[in-house]
Amino acid sequence: MLNEIEKQARAAVTEFLDQVTVKPGRILVIGCSSSEICGKRIGSGSSEETANAVFGAIYPVLKEKGIFLAAQCCEHLNRAIILEEAAAEQYGLPIVNAVPQPKAGGSFATAAYRAFEHPVAVERVQAHAGMDIGDTLIGMHLRPVAVPVRLSVKKIGEANLVCARTRPKYIGGERAHYDPELG
């Protein structure tokens, strides 16, 4: 089962990055319920093995492209974000003191904290793109204009998969002209 979950996660992030442009140095937020992946209700069956499989499939793809992974914690840590200290510094994000645990922060955020070179927690980000694995509600950590991205991969394990990219707001009305390179 873990091999299939790894394949699904790797396929999803690869297809997602093939469809959207996420430049190096940008942030991709991931909310991941290992409970939902295993077919249980969110928050009811946290699985470190499952979270490690998903993280291990996704993180190398992002790291190779120079994209920062922001791992959303569960509601027990108010959906705080775990990311590399370099990302927090680059984006001027105030660091808070919290270390996620499988049942207090979530298994995926715990996997990220353990794997990152210099992990830190922050209260919020405005990510450029995101993957929501298991209906974790990542919207609060996306930039204001989110655009859904449809993938052929609809689930990871038993968890629903919803992806989004963001774009700058269009302002100026009917006479305005827009730069298609910005989204």
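Me: How are helix H1 and helix H3 oriented to each other, roughly parallel or roughly antiparallel?

Reply: Two packed helices are described by the angle between their axes and the distance between the axes. In this predicted model, the axes of H1, residues 2-19, and H3, residues 48-64, come within 8 Å and cross at roughly 30°. Angles under 35 degrees count as roughly parallel, and H1 and H3 are therefore roughly parallel to each other. The crossing in which H1 passes H3 is right-handed.

Me: Which residues of H1 and H3 meet?

Reply: On the side of H1 they are Leu-2, Ile-5, Glu-6, Ala-9, Arg-10, Val-13, Thr-14 and Leu-17, and on the side of H3 they are Glu-49, Thr-50, Ala-53, Val-54, Ala-57, Ile-58, Val-61 and Leu-62. Sorted by class, this contact of H1 with H3 has 11 nonpolar, 2 polar and 3 charged residues.

Me: At what angle do H3 and helix H5 pack?

Reply: The same pair of values is read here, and for H3 and H5, the latter spanning residues 107-115, the angle is about 60° while the axes are 8 Å apart. H3 and H5 are therefore oblique to each other, and H3 passes H5 in a right-handed crossing. In H3, the residues Glu-48, Ala-51, Asn-52, Val-54 and Phe-55 take part, and they meet Ser-107, Phe-108, Ala-111, Ala-112, Arg-114 and Ala-115 in H5. By class, the contact of H3 with H5 has 7 nonpolar, 2 polar and 2 charged residues.

Me: Which residues of H5 are buried, and what do they pack against?

Reply: Buried means under 20% relative accessible area. In H5 the buried residues are Ser-107, Phe-108, Ala-109, Thr-110, Ala-111 and Ala-112. These buried residues pack against strand E1 (27-32), helix H2 (34-37), H3, E2 and E3.

Me: Where is Ala-71, and is Ala-71 buried or exposed?

Reply: Ala-71 has its place in strand E2, and with a relative accessibility of 0% Ala-71 counts as buried. To see what surrounds such a residue, one can set aside its neighbours within four places in sequence, and then Ala-71 is in contact with Ile-30, Ala-80, Ile-81, Ile-82, Phe-108, Ala-109 and Ala-112. Among these partners, Phe-108, Ala-109 and Ala-112 also appear in the list of buried residues of H5. Separation along the chain can be set beside separation in space: Ala-71 and Gly-31 are 40 residues apart along the chain, yet their C-alpha atoms are separated by 6.2 Å.

Me: Where does Leu-142 lie, and what does Leu-142 touch?

Reply: Leu-142 lies in the loop between strand E6 (129-133) and strand E7 (146-149), and Leu-142 is buried, with a relative accessible area of 10%. Not counting residues up to four places away in sequence, Leu-142 touches Val-29, Val-125, Gln-126, Ala-127, Ala-129, Gly-130, Ala-164 and Thr-166. One of these, Val-125, is 17 residues from Leu-142 in sequence and 7.1 Å away in space, C-alpha to C-alpha.

Me: Is His-177 buried or exposed?

Reply: His-177 counts as exposed, at 77% relative accessibility, and His-177 is found in the segment after strand E9 (159-166). Here again two separations can be read together, for His-177 and Ala-164 are 13 residues apart along the chain while their C-alpha atoms are separated by 24 Å.

Me: What is the phi of Asn-78, and where is Asn-78 found?

Reply: Asn-78 has a positive phi of about 55° although Asn-78 is not a glycine. The residue is found in the loop between strand E2 (68-72) and strand E3 (81-84), and at 64% relative accessibility Asn-78 counts as exposed. Arg-79, whose place is also in the loop between E2 and E3, has a phi near 60°, again a positive value in a residue other than glycine.

Me: How many disulfides does the structure hold, and why?

Reply: A disulfide is a covalent bond between the sulfur atoms of two cysteines. The structure holds 0 disulfides. The closest cysteine sulfur to that of Cys-32 is in Cys-38, at 9.4 Å, which is too far for a bond, since a disulfide needs the sulfur atoms within 2.5 Å. As for their surroundings, Cys-32 is buried, with a relative accessible area of 11%, whereas Cys-38 counts as partly exposed at 28% relative accessibility.

Note on methods: Residues numbered from 1 in each chain as written. Predicted model: local features only at pLDDT ≥ 70, side-chain atom pairs only at ≥ 80, totals over all residues. Heavy atoms only, no water. Buried < 20%, exposed > 50% of the residue type's maximum accessible area, 1.4 Å probe, protein only. Axes fitted to C-alpha atoms, helices over the stretch in contact; angles between N-to-C directions. Helix = DSSP H or I, 4+ residues; strand = E, 2+ residues; numbered from the N terminus. Parallel < 35°, antiparallel > 145°, perpendicular 65-115°, else oblique. Left-handed = near helix turned anticlockwise from the far one by under 90°. Contact = heavy atoms within 4.5 Å. Nonpolar A, V, L, I, M, F, W, Y, C, P; charged D, E, K, R; others polar.
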